[in-house]
Amino acid sequence: MKKLLSVIILIISIFISGCGDSLYFSDENKKQSLEQNFKEGTPEYYCQKAKQYVISGDYKESIKYAEEALKIDSNSFDAYNVRGLAYAGLEKYELSIKDFTKSIELNKNFAKAYNNRGLDYMELKKYDIALKDFNKAIEIESNIADYYYNRGKCYYNIGDNKKS
C-alpha cells in the first residue's frame, strides 16, 4: 500500500513539475503533439519525452531522455528534476536526491524540486530534512495543496498528529 501511495504521489508530482508546460497526449497524437510544441533536438523536447516515460512507468527510458537534455544544456534544472523523478520511481533515492539538489542549486525558487526531494527524504525516514523541504516549497509556492498534504503526511509519520 505504501509503495502504491508513493507511485501515485510521484505521478501527481510529475503533472505539477517542471519541464515546460504539462502536456497531455493521446497515444495516436503523442509524437505529433510533442513535435508541434517542442523542436526535436532541444532540451525541452528531450525533457518532455523523459516526462512521458516517467508517466508511463518506463523510468530507465526516461533517464536516457533526461540525459540527452542535459548533454545539450547541463544547466537544465527541469531535466535534473525529471531525471530525479525517474530515479525515485526506481527507488534509487540517493540518486534522485542528488538530482533534485542539483535542480535546486540551478533554480533556488523551484518549489517542485524541494517537494520532490522532501518526498524522497520521507521515504528514507529522514523526516526533519523532509519537513524543511516541504516548508521551503510552501514558502515559494503557497498555493499548491500537494505541498501541504506532503508536509502533513510527514508530521503524521513522526507522530505529530496536531500538526498533521
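**Figure 1. Arg117 and its surroundings in helix α7.** R117 is placed in helix α7, which runs over residues 111–123, in a model that is predicted. With a relative accessible area of 13%, R117 is buried, since the cut-off for that class is under 20%. The side chain of R117 is joined to that of T101 by a polar contact of 3.0 Å. When neighbours within four places in sequence are left aside, T101 is one of the residues in contact with R117, together with I97, F100, I104 and D133.

**Figure 2. The chain as a whole, as context for the close-up views.** The chain contains nine helices and zero strands, and its pattern, read along the sequence, is α-α-α-α-α-α-α-α-α. Of its 164 residues, 47% count as buried, while the exposed area of the chain is about 8,800 Å², 50% of which is supplied by carbon and sulfur atoms. Among contacts with a separation of 6 or more, 53% are made by residues 24 or more positions apart.

**Figure 3. The nonpolar cores.** The largest nonpolar core has 19 residues, and those with the most contacts inside it are Y46, A50, V54, A79, V82 and A86. Two or more residues of this core are given by each of the elements α3 (43–56), α4 (59–72) and α5 (77–89). A second core, separate from it, has 10 residues, including Y121, Y127, L131 and C154. In soluble globular proteins, nonpolar side chains tend to be buried together.

**Figure 4. Aromatic pairs around Tyr45 and Tyr46.** The structure holds four aromatic pairs. One of them is formed by Y45 and Y46, whose ring centres lie 5.5 Å apart and whose planes make an angle of 80 degrees, an edge-to-face arrangement, because an angle over 60 degrees is the cut-off for that class. Y45 and Y46 are both buried, and ring pairs link these two residues with Y53 and Y65 into a cluster. Y46 is also among the residues with the most contacts inside the largest nonpolar core.

**Figure 5. Helix α4, its span and its buried residues.** The 14 residues of α4 should span 20 Å at 1.5 Å a residue, and the C-alpha atoms at its ends are 20 Å apart, so the two values agree. The buried residues in α4 include Y59, S62, I63, Y65, A66, A69 and L70. An α-helix has 3.6 residues a turn, so residues three or four places apart point the same way. Of the buried residues, Y65 also belongs to the cluster that ring pairs form with Y45, Y46 and Y53, whereas I63, A66 and L70 are in contact with R83.

**Figure 6. Helix α5 and its cover.** Helix α5 has 13 residues and reaches 18 Å from its first C-alpha to its last, close to the 18 Å expected at 1.5 Å a residue. This helix is mostly covered, with 12 of its 13 residues buried, and those buried are D78, A79, Y80, N81, V82, R83, G84, L85, A86, Y87, A88 and G89. A79, V82 and A86 are also among the residues with the most contacts inside the largest nonpolar core.

**Figure 7. Arg83 and Gly84, two residues of helix α5.** R83 is found in helix α5 and, at 13% relative accessibility, counts as buried. Apart from neighbours within four places in sequence, R83 is in contact with I63, A66, E67, L70 and D99. G84 likewise has its place in helix α5, and at 0% relative accessibility G84 counts as buried. Not counting residues up to four places away in sequence, G84 touches S96, D99 and F100, and D99 is also in contact with R83. G84 and Y59 are 25 residues apart in sequence, with 10.0 Å between their C-alpha atoms.

**Figure 8. Loop residues with positive phi, Glu91 and Lys125.** E91 lies in the loop between α5 and α6 (93–106), and just after α5 this residue takes a positive phi of about 60 degrees, although E91 is a residue other than glycine. At 42% relative accessibility, E91 counts as partly exposed. K125, found in the loop between α7 and α8 (127–140), has a positive phi of about 65 degrees and is not a glycine either. At 51% relative accessibility, K125 counts as exposed, because the cut-off for that class is over 50%.

Conventions. Residues numbered from 1 in each chain as written. Predicted model: local features only at pLDDT ≥ 70, side-chain atom pairs only at ≥ 80, totals over all residues. Heavy atoms only, no water. Phe/Tyr/Trp six-rings, centres within 6.5 Å; stacked < 30°, edge-to-face > 60°. Buried < 20%, exposed > 50% of the residue type's maximum accessible area, 1.4 Å probe, protein only. Helix = DSSP H or I, 4+ residues; strand = E, 2+ residues; numbered from the N terminus. Polar contact = N/O pair within 3.5 Å; in protein donor to acceptor, adjacent residues only side chain to side chain. Contact = heavy atoms within 4.5 Å. Core = buried A, V, L, I, M, F, W, Y, C linked by side-chain atoms within 4.5 Å. Expected span 1.5 Å × (residues − 1). Areas by Shrake-Rupley, 256 points an atom, 1.4 Å probe, with all protein chains shown as cover.
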